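Colleague: I would love a close look at one part of this model, followed by a walk outward to the rest. Could you take me through it at an easy pace?

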Amino acid sequence: MKALVWHGKEDIRYDTVSDPEIQNPRDAIIKVTSCAICGSDLHLFHNFIPAMLPGDIMGHEMMGEVVEVGSGMDGRLKKGDRIVVPFTITCGECEQCKRGNYSVCERTNRKKDFADKVFGHTTAGLFGYTHLTGGYPGGQAEYLRVPFADTTHVKVPENLSDEQVLFLGDIFPTGWQAAEQCDIQETDTVAIWGCGPVGQMAIRSAILLGAKQVVAIDCLPERLSMAEAAGAITINFQDDSVIDRLDELTDGKGPEKCIDATGTESHVSFAQPDTIYDRAKQLMALESDRPHVLREMIYVCRPAGIISIPGVYGGLIDKVPIGVAMNKGLTLRMGQTHVRRWTDDLLKRINDGEIDPSFVITHTAKLSDGPEMYNVFRDKRDSCIKVVLKP
Amino acid sequence: MRNLIPKHLEGDPKILKKGHGSLSAVDRTAKALGWFSIGLGLAEMLAPRAVTRTLGMESAGMNATVRAFGAREIAAGVLTLSTEKKVGLWSRVLGDGLDVAVLATGLDRFNPQRRNVKVALATVLGITALDLATASALSARSARPRQLRDYSKRSGFPHGVTKTGARQFRPTAQHMH
């Protein structure tokens, strides 16, 4: 089969690889009908997240049709089913899964020993996202083996298109969880840093969850225009001071809830000197991430507010004002997404016409165009916000 | 890292044939220039006297200048090999200008190594052209388009906004199986 394979920094190739096979009774093989490039794939593309190996298949946003199942499905999944695959692989049986903490499933990371050493305790296996999370082949491919498939799937009805449901596997529940963990009240201002795909989903989620006002922060006009379309107030941080504008919008008190949908690769600019400092430290391997957004959120957030971090961070950060966070009594919530926790509700919302996540797709291309689409997405060429690939 | 891959992963897909990739000719040239920069920088840092002797430019302070230029080359090389390669290459172009300016002082007709200086100057000018072409290509590639697409109607709410609020999550039997 054909797949997009990681060979090194900024080197993704459209390779021919061997077909996946059933390895365990709970496995299924799907024929991928749609997959997408995620913002966090760019972190791998740039080699900012450790433990990728040449030969790893990319992709953790995918869906398709079941073409083969293992012997242990107990009828929960069968050939011909149309499913979205959550990016977090879940066993459904461990203590964490039973609590709904699917992204920290205790059993699905097949490199548990490695993860235990690095993280202290293992987290769930993830598709196409480094050997720290199991080194599972990803879904930017014609076929995908889904381990623990009986619990790692979302069945989707035929009346909804791929484009409407594909994002149930990651960015929609990720944006939703980011907003959910803010405990949004109807008097709240929710400020969201980063208007990429997860930011766009977080904006809509915060609106659906009843925020009084949602403020979207980015520097790309096309992203800000998409945020405005949903009803967000926007701040272009290259034109305005984020802190001054947020204070203006909240009678000088700061937003109650802040969401970091940017993560490790915050924009580097002389207008934000700390980003230059972080980038220089990154180049010297003295820091792995650029936490400008975290610093700004902690500073501007209203005392006793909540900071929610869906953006991916890879390792160590520097000069984060933990003393400010402590004295202001801020609550920090973060984590990979417990996808299955949210998907029943979100699928219903899509089916009811409450939201249509396909709004975010700006580019659709063949899988064979994938390597170039990584460049288009990285360079934000042609107003690119979200790429869907068709194998 | 390789030894971290357990035996039971061997059934995973393996590469049978490599295909086309995301690295363009410009990316490859930038990478080559980055490594060249680091190599040259190391030579200048470690053996400045050999450089000044070859060029016949052994005046006071010249060894320190060559060492400083070596540090500059290494810094530019690291940047060029990073995701900030555009900045790295433009810094190389500026550095090339400095190199030319300093080398030009060695064209003095009393310099016994004048011929070597001429060769070095020609080489630097050739590399400058390559640096300039690569930096320009990278800048053009990531330049912001004049015409942006219009996303102002992409609300994502087919029937307008309904603030429905949260629904309490409880793990259900369906979640666990």
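Leaving aside neighbours within four places in sequence, which residues is A:Leu389 in contact with?

Modeller: Happy to. Please keep in mind throughout that this is a predicted model. Once the neighbours within four places in sequence are set aside, A:Leu389 is in contact with A:Cys35, A:Ala36 and A:Ile37, with A:Gln140, with A:Ala365, A:Lys366 and A:Leu367, and with A:Gly370 and A:Met373. The residue itself is found in strand 18 of chain A, which covers residues 387–390. A:Leu389 counts as buried because 25 C-beta neighbours lie inside 10 Å, where 20 or more are needed. For a sense of scale, take A:Asp188: it is 201 residues from A:Leu389 in sequence, and the two C-alpha atoms are 37 Å apart in space.

Now let us step back to the chain around this spot. Chain A has 13 helices and 18 strands, and 58% of its 391 residues count as buried. Its C-alpha atoms fill a box of roughly 60 × 50 × 45 Å along the principal axes. A compact globule of 391 residues would have a radius of gyration near 21 Å, so the 20 Å of chain A agrees with that expectation. Among the contacts in chain A between residues at least 6 apart in sequence, 71% join residues at least 24 apart.

The domain assignment splits chain A into domain 1 (2–170 + 337–390) and domain 2 (172–334). The centres of domain 1 and domain 2 of chain A, taken over C-alpha atoms, are separated by 26 Å. Domain 1 of chain A brings 22 residues to the contact between them, and domain 2 of chain A brings 22 residues as well. On the domain 1 side, helix 1 (39–45) and helix 12 of chain A each supply at least two residues, with the largest share, 4 residues, coming from helix 12 of chain A. By class, that side of domain 1 has 12 nonpolar, 7 polar and 3 charged residues.

The nonpolar interior is worth a visit too. The largest nonpolar core has 117 residues, and those touching the most other members are A:Ile30, A:Ile192, A:Ala202, A:Ile203, A:Ala206, A:Val214 and A:Ile259. Domain 1 and domain 2 of chain A both give residues to this core, so it lies between them. To look at one of these members, A:Ile30 touches residues including A:Val66, A:Val67, A:Ile83, A:Val85, A:Tyr143 and A:Leu144, not counting those up to four places away in sequence. Apart from the largest core lies another core, of 7 residues, among them B:Val51, B:Met57, B:Phe69 and B:Val117. In soluble globular proteins, nonpolar side chains tend to be buried together.

That brings us to the partner chain. The contact between the chains takes 67 residues from chain A and 49 residues from chain B. Several elements of chain A give two or more residues to this side, including strand 1 (2–8), helix 6 (197–208), helix 9 (273–283) and helix 13 (370–379). The largest share, 7 residues, comes from strand 2 of chain A. The residues on this side of chain A divide into 25 nonpolar, 18 polar and 24 charged. Strand 2 of chain A also runs antiparallel to strand 1 (residues 15–17) of chain B, with 2 bridges joining them. For A:Thr16, the bridge partner in strand 1 of chain B is B:Lys17.

Notes
Residues are numbered from 1 along each chain as its sequence is written. Chains are lettered from A and ligands numbered from 1 in the order in which they are written. This is a predicted model: local features need pLDDT of at least 70, side-chain atom pairs count only at pLDDT 80 or more; totals for chains, interfaces and linings use all residues. Two residues are in contact if their C-beta atoms, placed from the backbone, lie within 7 Å. Ala, Val, Leu, Ile, Met, Phe, Trp, Tyr, Cys and Pro count as nonpolar, Asp, Glu, Lys and Arg as charged, and the others, Gly among them, as polar. Two strands pair if DSSP finds at least two bridges between them. A residue is buried if 20 or more other C-beta atoms lie within 10 Å of its own, exposed if 12 or fewer, and partly exposed in between; C-beta atoms are placed from the backbone. The radius of gyration is taken over C-alpha atoms; the globule rule is 2.2 Å times the number of residues to the power 0.38. A nonpolar core is a set of buried Ala, Val, Leu, Ile, Met, Phe, Trp, Tyr and Cys residues joined through C-beta atoms within 7 Å. Domain bounds come from an automatic or database domain assignment.
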